[in-house]
There are 2 protein chains.
Amino acid sequence: MKKIGILGGGQLGRMFIQNALNYPVEIHILDPNPEAPCSKIAHRFVVGDFNNELDVLNFAKNVDIVGIEIEHVNLSALKKLKKLGKTIIPDPEVLEIIQDKGIQKDFYLNHDIATAPLKDKNNLPNVQKLKKGGYDGKGVQLLSAENFENCWGEDSIFEEQADILMELAVLVAQNQSGETAVYPVVEQVFNPEYNLLDYLISPARIDEETAQQAKDLALKVVKKLNSPGIFAIELFLNHDGSLWVNETAPRVHNSGHTTIEGNFCSQFDMMLRTLLDFPLGNPEAKLKSAMFNLIGASGYTGKAKIQGLEKILNLPGHSLHWYGKKMTKPGRKMGHSTVVAQDWDGVIQQIETIKKEVKIISE
Amino acid sequence: MKKIGILGGGQLGRMFIQNALNYPVEIHILDPNPEAPCSKIAHRFVVGDFNNELDVLNFAKNVDIVGIEIEHVNLSALKKLKKLGKTIIPDPEVLEIIQDKGIQKDFYLNHDIATAPLKDKNNLPNVQKLKKGGYDGKGVQLLSAENFENCWGEDSIFEEQADILMELAVLVAQNQSGETAVYPVVEQVFNPEYNLLDYLISPARIDEETAQQAKDLALKVVKKLNSPGIFAIELFLNHDGSLWVNETAPRVHNSGHTTIEGNFCSQFDMMLRTLLDFPLGNPEAKLKSAMFNLIGASGYTGKAKIQGLEKILNLPGHSLHWYGKKMTKPGRKMGHSTVVAQDWDGVIQQIETIKKEVKIISE
């Protein structure tokens, strides 16, 4: 039986394991937090730092294939493991491109992949992005003449601000044989308070031509990255109809969560297939779907509790995904709700009920 | 956080846990086999005998609610626990009816629930059913003048042989508030070699009126049992159009497996809702679905291996459910494959491919 080792044991790893239990495979997890969402359900859970070279090397000794659920992992270990013949998915070279937003931007520009043009730091307004360490909207800010004194000192890129009509995302999987599968385009609606995804609609409410262009652009990114794995390509649809790649996550992604209930093959099943070099699954949608992030409410820190859960459990197409994190704090992703329906109205109505009724508080 | 204790740690428990991980709840399991399918993923896994009074009493001390994934469990312990105020689902009284096929038959007859009439042992042909210990078609035989010498000596009932056109099943859930949910009728096709379910089609290919009658009959069984829980009512559709209740399982059931991918609320999610006294979910079908049991092939005993898996992974609506059992033997349920599609042809074609390509062998 194949042994897959995953760097990171958060909610993405947890949902990956929930599905991987359907296959004859062992899942091993490396995470520094002994209470991480994967800790109780991995075949083997190793407490260790995926950013530490030795921890990663030791962990990988006992597995056949190494995958990730977070991109900020120790590269030098993965490169050594690759040299030793271990299968690493995605390729460490891809992680090197993704981990640094400067290198990532150069990659898009060098391969003629449409993206926001770079600007000079002093050419305002512009968008500052820290080259390293940003996640979930952190490490990005809009700079103008009025707030230029807030400009961060760390290594950054500065780019033109997109004239955003809609934020889109496309998941693309590529297996070890080079076969690809492209999911329907999804539409992301952001929560302005935390700059986290508020809710997501799949497929996006855009015309077919724009959808095809978005899928082509996402597929081009993955073809140029030239690595097996599953990738989430986040795109801006600008008011003039142009599409820009914002950034790429080399892993399963928040924007793909509705694929569990809404699509024939979920992103987690697709990830497993890329790791095991299986034929890819069917990315198409069974129904319309939407997803709402359950985020720790402002003013509540402590043992988490879902307020209003019973009020949404009888929605006709609702599924809860609680991540098993004990403690909530403002802005922390504690779970998500997915809804499915035959049409967009059906999913949006359910999302509105969830937004109204549910709140993540502390006991 | 509520603690649910489940008696039994087989594949039903495993699929229950896979879904329960989506909720803020702890799942504790009691099973005599330290390598049972639930052993690696339960919050707490206790090695012990669910038929032993003391084992059940000790196990239940640390949980709030007791459920089952097998009906052959120690009744006396459950009755004591109920007296002490513990929530037991289903009611121990229901298990008492179900565990003995004589009592179960009397229950149907006393409540005017259509079922095969009892016959005298010597009035041949008839169907002999052992009162206790039968499962998966074991403990049932057709007696005729030719084979009457095979008549078992153990306590049995003898009933009229149904004139079967089709075997059907209906899942019904009832929560602690008496709310009920009835799933679409499913059609069971049996493997004559092992008398195990070969494949299952959901919804059944029957007219609406028959479907409604089957659902009404199943609901009547559950209303008369008068207990919360989830129940699988197996029915014979006779050639004359009449419906007879064959037997009732007071738990999630093989005939409900396609609800994971095919229905809005899976039987495992519905079970959890009955245990937590949540509003019930939506039992309706998203799509047509079918399920094929992956059964250990004749002539293979040892470490299990799926032959032909790669040939079915690219079917457009296929999902594998491997139960994590190490050893295969002829007739052992090792997993199942579910397929979904827009129409019945779409599911049957995929089932035919699976039947042709896949075989559970040993290494």
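Colleague: In which loop is B:D112 found?

Modeller: B:D112 is found in the loop between α5 (101-110) and β6 (126-130) of chain B. Such elements are DSSP runs, helices being H or I over at least four residues and strands E over at least two, numbered from the N terminus. The model is predicted: local features need pLDDT of at least 70 and side-chain atom pairs count only at pLDDT 80 or more, while totals for chains, interfaces and linings use all residues. Residues are numbered from 1 along each chain as its sequence is written, chains are lettered from A and ligands numbered from 1 in the order in which they are written, and side-chain values use heavy atoms, with hydrogens and water left out.

Colleague: What makes phi of B:D112 worth listing?

Modeller: Phi of B:D112 is near 55°, a positive value in a residue other than glycine. Most residues other than glycine have a negative phi.

Colleague: Which peptide bonds are called cis, and what is omega in each?

Modeller: The bond joining A:I89 and A:P90 is cis, with omega about 0°; A:P90 is in the loop between β5 (87-88) and α4 (92-99) of chain A. The bond joining B:S202 and B:P203 is also cis, with omega about -10°, and B:P203 is in the loop between β12 (196-202) and α6 (208-225) of chain B. Most peptide bonds are trans.

Colleague: How is the interface of chain A and chain B sized?

Modeller: Buried area is the accessible area (1.4 Å probe) that two parts lose on being put together, summed over both. By that rule chain A and chain B bury about 3300 Å², 55% of it on carbon and sulfur atoms. In chain A, the residues that lose the most area to chain B are A:L21, A:N22 and A:L313, together 19% of what that side buries.

Colleague: How many residues of each chain are in contact?

Modeller: Contact means heavy atoms within 4.5 Å, and 31 residues of chain A are in contact with 32 residues of chain B.

Colleague: How many salt bridges does the rule find across this interface, and how many residue pairs are in polar contact?

Modeller: A salt bridge requires a side-chain nitrogen of Lys or Arg within 4 Å of a carboxyl oxygen of Asp or Glu; the rule finds zero across the interface of chain A and chain B. A polar contact is a pair of N or O atoms within 3.5 Å; within protein, one must be able to donate a hydrogen and the other to accept it, and residues adjacent in sequence count only if both atoms are side-chain atoms. The count between the two chains is 15 residue pairs, both at pLDDT 80 or more.
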